[in-house]
Amino acid sequence: MAGGQTLIEVALGAEHAGWRLDRALAASLPSLSRERLKVLIKSGALMRPDGSAMRDPAVKASGAEIFTLAIPEPAPAHNEAQAIPLVIVYEDEHLLVIDKPAGLVVHPAAGNRDGTLVNALLHHCGDSLSGIGGVARPGIVHRIDKDTSGLMLVAKNDVTHEGLARQFAKHSIDRRYLAIVSGLPMAASGTIDAPLARSSGDRKKIAVTGEGQGKHAITHWRRISPLRDAALVECKLETGRTHQVRVHMASIGHPLLGDPVYGRIAKGHRALLKELGFARQALHSARVTFVHPVTKQVLSFESALPADMQELFSALGV
């Protein structure tokens with residue numbers, strides 16, 4: 001921290017050559033959104049090694065560049081602390097591992113001003129949350145969808161936040177999801193290497209794009225249990241893009257059961273989902289392994305299938 005600012009050194013690689021500067025920075029700093037980076041760049045917060053400011057977010061990156069990004073100390077969070085129960089898998093003075101239930105929004109936004117994970121964290125942690133995520137997202141290093149359940153990492157201070165963000169950027173955090181997909185994959189395992197970007201037809205959706213047109217995205221999957229016209233699969237993320245598992249599995253003909261955006265409910269599953277009241281994508285963040293940014297210990301945590309997915313799994317048993 002220097003003069004009310006956090007200074008972060010950002011190194012762009014040769015693979016970023018030709019990209020817009022804001023896009024290249026967003027790929028290297030997953031804890032910051034591209035929109036926030038645009039604002040920071042235009043404000044003169046991105047500096048070259050000689051101290052001069054880069055102010056054009058649209059300029060093309062040349063690759064193999066090093067910048068210093070000055071992130072202003074966040075204003076006090078105006079989000080309300082709320083006594084929302086949390087399932088805490090692990091906690092120390094630096095970070096928490098949360099087992100998020102399906103239905104809980106991660107941070108306040110339009111339509112969800114309170115009742116979020118951030119509101120719960122403010123009640124549990126008080127002011128001891130990383131400010132790098134800004135006023136709206138204190139402590140939030142990464143996100144999972146509202147209707148996805150499972151493990152999430154939360155930073156209590158900026159050093160931990162930066163350390164975890166670097167691991168996410170290097171894809172060194174081992175994240176594994178359990179998903180119940182429609183149809184039985186013929187292969188026992190596979191790798192989906194397909195870039196992702198906002199759909200040109202619907203900006204709320206993500207779509208597989210042509211090479212060089214979207215963000216690099218790789219999912220490794222393996223079939224765990226065959227089910228009735230379905231399967232339980234494990235998905236290991238090599239990258240962590242928005243809706244990655246949902247879009248990638250749908251792209252190979254096996255959308256997640258219950259997915260209201262990327263899935264088509266098969267006739268044989270429609271009555272069962274209605275009977276069980278299962279109305280979300282069948283996706284659970286089941287395992288995370290990472291290096292503690294402060295103690296340097298390797299930590300690994302697992303979360304069993306939640307009750308609703310377990311009920312669906314049992315009902316589909318063969």
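Start by selecting strand 9 (residues 189–193) and strand 12 (residues 218–227): these two run antiparallel and are joined by five bridges. Strands here are DSSP E runs of at least two residues, and helices are H or I runs of at least four, both numbered from the N terminus. Two strands pair if DSSP finds at least two bridges between them. To see one position in this pairing, click Gly190, which stands opposite Trp221 in strand 12.

A word on what you are looking at: this is a predicted model, in which local features need pLDDT of at least 70, side-chain atom pairs count only at pLDDT 80 or more, and totals for chains, interfaces and linings use all residues. Residues are numbered from 1 along each chain as its sequence is written, and side-chain values use heavy atoms, with hydrogens and water left out.

**Along strand 12 to strand 13**

Keep strand 12 selected and add strand 13 (residues 230–237); eight bridges join them, and they run antiparallel. Thr219 has Leu237 in strand 13 as its bridge partner. Now go to the turn of this hairpin, where two residues lie between the strands, and pick Asp229: its phi is positive, near 50 degrees.

**On to strand 8**

Next, select strand 8 (residues 174–182). Strand 13 is joined to strand 8 by eight bridges, running antiparallel. On the other pairing, six bridges join strand 8 to strand 14, again antiparallel. Arg175 is a good residue to click: its bridge partner in strand 13 is Leu237, and its bridge partner in strand 14 is Val288.

Are the residues of strand 8 buried or exposed? Nine of its nine residues are buried, where buried means under 20% relative accessible area, exposed over 50% and partly exposed in between, with a 1.4 Å probe and protein chains only. In a regular strand the side chains alternate between the two faces of the sheet. Show the side chains here and you will find Asp174, Arg176, Leu178, Ile180 and Ser182 pointing one way, with Arg175, Tyr177, Ala179 and Val181 pointing the other way.

**A loop histidine**

Follow strand 14 (283–291) into the loop before strand 15 and select His292. His292 is buried, at a relative accessible area of 0%. Which residues does His292 touch, leaving aside those up to four places away in sequence? They are Tyr90, Asp92, His94, Leu95, Gln297 and Leu299, with contact meaning heavy atoms within 4.5 Å. You can also draw a distance from His292 to Leu164: their C-alpha atoms are separated by 7.9 Å, although the two are 128 residues apart along the chain.

**Aromatic rings**

From His292, step to its contact Tyr90. The structure holds two aromatic pairs; rings of Phe, Tyr and Trp (its six-membered ring) pair if their centres lie within 6.5 Å, and planes under 30 degrees apart count as stacked, over 60 as edge-to-face and the rest as tilted. The rings of Tyr90 and Phe301 have centres 5.3 Å apart and planes at 40 degrees, so this pair is tilted. Tyr90 lies in strand 5 (residues 88–91) and Phe301 in strand 15 (residues 298–302), so the pair ties together parts that are 211 residues apart in sequence. Tyr90 is partly exposed at 24% relative accessibility, whereas Phe301 is buried at 12%. Add Phe290 to the selection and you have the cluster that ring pairs make of Tyr90, Phe290 and Phe301.

For another ring, select Trp19: the charged end of Arg23 sits over it, 3.7 Å from the ring centre. The criterion is NZ of Lys or CZ of Arg within 6 Å of the ring centre and within 35 degrees of the ring normal.

**The open sheet**

Now look at the open sheet of four strands, in the order 1-4-2-3 with antiparallel pairing. Strand 1 (5–12) and strand 3 (53–54) stand at the edges, each with a single partner strand, so one side of each is left without a neighbour in the sheet. Strand 1 pairs with strand 4 (residues 65–72) over eight bridges, and Ala11 stands opposite Ile66 there.

**Zooming out**

Finally, show the whole protein, with its seven helices and 15 strands. Buried residues make up 49% of the 318 residues. Its C-alpha atoms fill a box of roughly 65 × 45 × 40 Å along the principal axes.
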